[in-house]
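Work through these exercises with the model open. Each task comes with a stepwise solution.

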Amino acid sequence: LDYAFTDGIHSYITARDAFKAGGINGSVPEGLQFHTFPPEQLSDIEVGLKSEFSIGDMEARANIAAYSGDYKNIQRTTAEVISGALLNVTRSAAEGKIEGVEFTGALVPFDGLTLNGTYSYIQSEYTSVTDASAGAILAGSPFPYTPARKFSLGATYETEIPFGTLVLNGSYAQQSAFSTGQTNASFVRSIPGYGVLNFSVDLKDVGGAPVDLSVFATNITDNEYATGTADFYNSPFGIATYTYGEPQMYGVRLRYRFGQ
């Protein structure tokens with residue numbers, strides 16, 4: 001449902017259903033429990049407001065949304081005794097709740113300069129587990145790869161100069177720590193939060209030609225941070241590895257647009 005209060009203020013409410021396919025545990029004989037597992041299901045509702053307005057001589061934009069989702073048949077791997085054998089099976093192990101709010105905004109103090117920012121907050125938790133074997137690994141465990149907070153700030157300045165269009169762009173993005181453990185049995189339980197600062201200088205349509213030149217710097221503070229992990233520590237391999245973000249980099253890009 002959508003409703004426009006004015007040309008610059010728009011509200012909406014939406015409901016959605018989503019699923020992740022179920023499957024078969026090939027190690028479990030047909031006809032026994034856990035031979036198959038059902039699809040995950042997520043049903044959510046979102047309300048939001050999108051707006052464009054002026055603050056004195058400044059143009060502004062502000063969008064905000066809040067959502068709440070019910071998560072059922074969450075698939076996790078548990079150890080189950082089946083026909084006298086201990087097997088790791090994927091199964092429907094829990095239900096959960098995901099709630100949050102997101103904001104994006106922008107200001108144009110004067111022609112050519114745009115300031116923007118974003119913020120999001122997510123609260124997620126398992127609300128119930130299917131049985132004792134699922135509870136042994138999930139009870140009290142946070143949702144994986146779901147940082148509670150993220151924000152970003154940025155500025156862009158664009159102006160015409162004799163050689164083309166000059167664009168200066170700077171941005172900083174940060175997120176809080178987040179869990180990486182699919183279950184309480186995971187060895188690597190979380191990854192610290194991190195922030196990244198980037199800057200670029202672009203010259204578009206150099207000399208009137210379809211050529212763009214860019215000088216950039218990413219991760220200017222040379223922050224060393226992990227973005228993910230492959231955790232095989234509590235297995236015969238005994239190994240846990242990290243995936244790291246890109247290091248500090250400087251560079252030049254040249255682009256030619258064909259057909260112009």
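**Exercise 1: a salt-bridge network**

In this predicted model, Asp205 and Arg257 form a salt bridge, with their closest N and O atoms 2.4 Å apart. Task: find where Asp205 and Arg257 lie, and which residues join them in one network.

Solution.
1. Place the pair. Asp205 sits in the loop between strand 13 (194–204) and strand 14 (211–218), and Arg257 in the segment after strand 17 (249–256), so the bridge ties together parts 52 residues apart in sequence.
2. Check burial. Buried means under 20% relative accessible area. Arg257, with 19%, is buried. Asp205, at 32%, counts as partly exposed.
3. Add the second bridge. Arg255 pairs with Asp212, the closest N and O atoms being 2.7 Å apart. Arg255 is in strand 17 and Asp212 in strand 14, so this pair ties together parts 43 residues apart in sequence. Asp212 counts as buried at 10% relative accessibility.
4. Join them. Salt bridges with shared partners link Asp205, Asp212, Arg255 and Arg257 into one network.

**Exercise 2: the largest pocket**

Task: state the volume of the largest pocket, and say which strand gives the most to its lining.

Solution.
1. The volume is about 560 Å³.
2. Of the 24 lining residues, Thr77, Thr183, Ala185, Ser186 and Asp231 are the closest to the pocket's centre.
3. Strand 6 (58–82), strand 7 (85–110) and strand 15 (226–232) each supply at least two lining residues. Strand 6 gives the most, with five.
4. Sort by class: the lining has nine nonpolar, 13 polar and two charged residues.

How values were computed. Residues numbered from 1 in each chain as written. Predicted model: local features only at pLDDT ≥ 70, side-chain atom pairs only at ≥ 80, totals over all residues. Heavy atoms only, no water. 1 Å grid on protein atoms, 1.4 Å probe; cavity = no way out; pocket = protein on both sides within 12 Å on 5 of 7 lines; lining within 4 Å. Points joined across faces, edges and corners; volume = space filled by probe spheres on them. Helix = DSSP H or I, 4+ residues; strand = E, 2+ residues; numbered from the N terminus. Nonpolar A, V, L, I, M, F, W, Y, C, P; charged D, E, K, R; others polar. Salt bridge = Lys/Arg side-chain N within 4 Å of Asp/Glu carboxyl O. Buried < 20%, exposed > 50% of the residue type's maximum accessible area, 1.4 Å probe, protein only.
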